[in-house]
Amino acid sequence: MLKSSHTKLNDVLKDDFYSKVIEEMIQVQDRQKIAFKNTKDQRLVDASLSDMIAIYISGGKEQESAVRDLKNSLKLNEKYYYMMAIRGFARCNNWEDVTYFINMKKTPVTYSFLAELCIEYGKVPLAVEAIKKISDYDEKIPMLIDIGQWRDAIEETMISKRLEYLDEIRQKGPSCVEDF
């Protein structure tokens, strides 16, 4: 089905973008078929590229070459590859590897992505670590407020001298933060 769509797009529209997208979908689908035949893993059926990378990553060290090969053959952008890989680490509860990226000085993804991922999986202390590494206070402080980290939000507000956030903290926070 995809192969016929690819042919028609090339013949009718002569659109390189859509042709390339379908070509990549065909590659992913072919790899899914091979992987399914080898593993009989039902999760591979109709999995997205992101899901497929996450499944490979959850397979441990023996799947590293498959992930690397997939990344190279599809010429994935580094940032998007790492976003999918880190999401895979989170899905298989490999928080040591997620923590490794949070502790990197030059992480290949944004700290806000790491924080949001940790929040999504209920790892608030890790999220706070990532949030504190965000340099933009207008992004950092609201994130801390949103997850109810009042002390950290107050500290960052004082450090940044962005006192306008104190009103929001007083409104949303528990009664004990009204004194600030």
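# A tour of an eleven-helix model

The protein exposes about 11,100 Å², and carbon and sulfur atoms supply 51% of that area. The model is a predicted one. Colour by secondary structure before selecting anything: there are eleven helices and zero strands, so the cartoon reads α-α-α-α-α-α-α-α-α-α-α from the N terminus on. Of the 180 residues in the protein, 38% are buried. Among contacts between residues at least 6 apart in sequence, 38% join residues at least 24 apart.

**Stop 1: the core.** Select Ile53, Ile86 and Leu114. These are the residues with the most contacts inside the largest nonpolar core, which has 46 residues. In soluble globular proteins, nonpolar side chains tend to be buried together. Keep Ile86 selected and show its surroundings. Which residues is Ile86 in contact with, leaving aside its neighbours within four places in sequence? They are Val98, Phe101, Val109, Phe113, Leu114 and Leu117. Leu114 thus appears both in this list and among the core residues with the most contacts.

**Stop 2: helix 8.** Select residues 124-132, which make up helix 8. Its buried residues are Leu126, Ala127, Val128, Ala130 and Ile131. Now display helix 6 (95-103), helix 7 (111-120), helix 9 (137-146) and helix 10 (150-160); the buried residues of helix 8 pack against these four elements.

**Stop 3: salt bridges.** A search of the whole structure finds eight salt bridges. Three of them are visited here.

Begin with Arg91 and Asp51, whose side chains meet in a salt bridge at 2.8 Å, N to O. Arg91 belongs to helix 5 (residues 78-91) and Asp51 to helix 3 (residues 49-58), so this pair ties together parts that are 40 residues apart in sequence. Are the two ends buried or exposed? Neither label applies: Arg91 counts as partly exposed because its relative accessibility is 38%, and Asp51 counts as partly exposed at 27%.

Stay on helix 5 and select Arg87 with Glu120. The two form a salt bridge, with the closest N and O atoms 3.2 Å apart. Glu120 is in helix 7 and Arg87 in helix 5, so the pair links distant parts of the chain, 33 residues apart. Arg87 has 22% relative accessibility and therefore counts as partly exposed, the cut-off for buried being under 20%.

Then move to Glu156 and Lys140, where the side chains meet in a salt bridge at 3.3 Å, N to O. Glu156 lies in helix 10 and Lys140 in helix 9, so parts that are 16 residues apart in sequence are tied together. Both Glu156 and Lys140 are buried.

**Stop 4: Thr157.** Step along to Thr157, also placed in helix 10. Its relative accessible area is 0%, so Thr157 is buried. Not counting residues up to four places away in sequence, what does Thr157 touch? The list is Ile141, Arg162, Leu163, Tyr165, Leu166 and Ile169.

**Stop 5: a surface patch.** Finish by switching to a surface view and selecting Phe17, Tyr18, Val21 and Met25. These residues form a nonpolar patch on the surface, with about 400 Å² of accessible area together. Val21 lies in helix 2 (residues 16-39). Val21 counts as partly exposed because its relative accessibility is 31%, which places it just inside the patch criterion of over 30% relative accessible area.

Key
Residues numbered from 1 in each chain as written. Predicted model: local features only at pLDDT ≥ 70, side-chain atom pairs only at ≥ 80, totals over all residues. Heavy atoms only, no water. Buried < 20%, exposed > 50% of the residue type's maximum accessible area, 1.4 Å probe, protein only. Helix = DSSP H or I, 4+ residues; strand = E, 2+ residues; numbered from the N terminus. Contact = heavy atoms within 4.5 Å. Salt bridge = Lys/Arg side-chain N within 4 Å of Asp/Glu carboxyl O. Patch = residues over 30% accessible without salt bridge, like charges linked within 9 Å, V, L, I, M, F, W, Y side chains within 5 Å. Areas by Shrake-Rupley, 256 points an atom, 1.4 Å probe, with all protein chains shown as cover. Core = buried A, V, L, I, M, F, W, Y, C linked by side-chain atoms within 4.5 Å.
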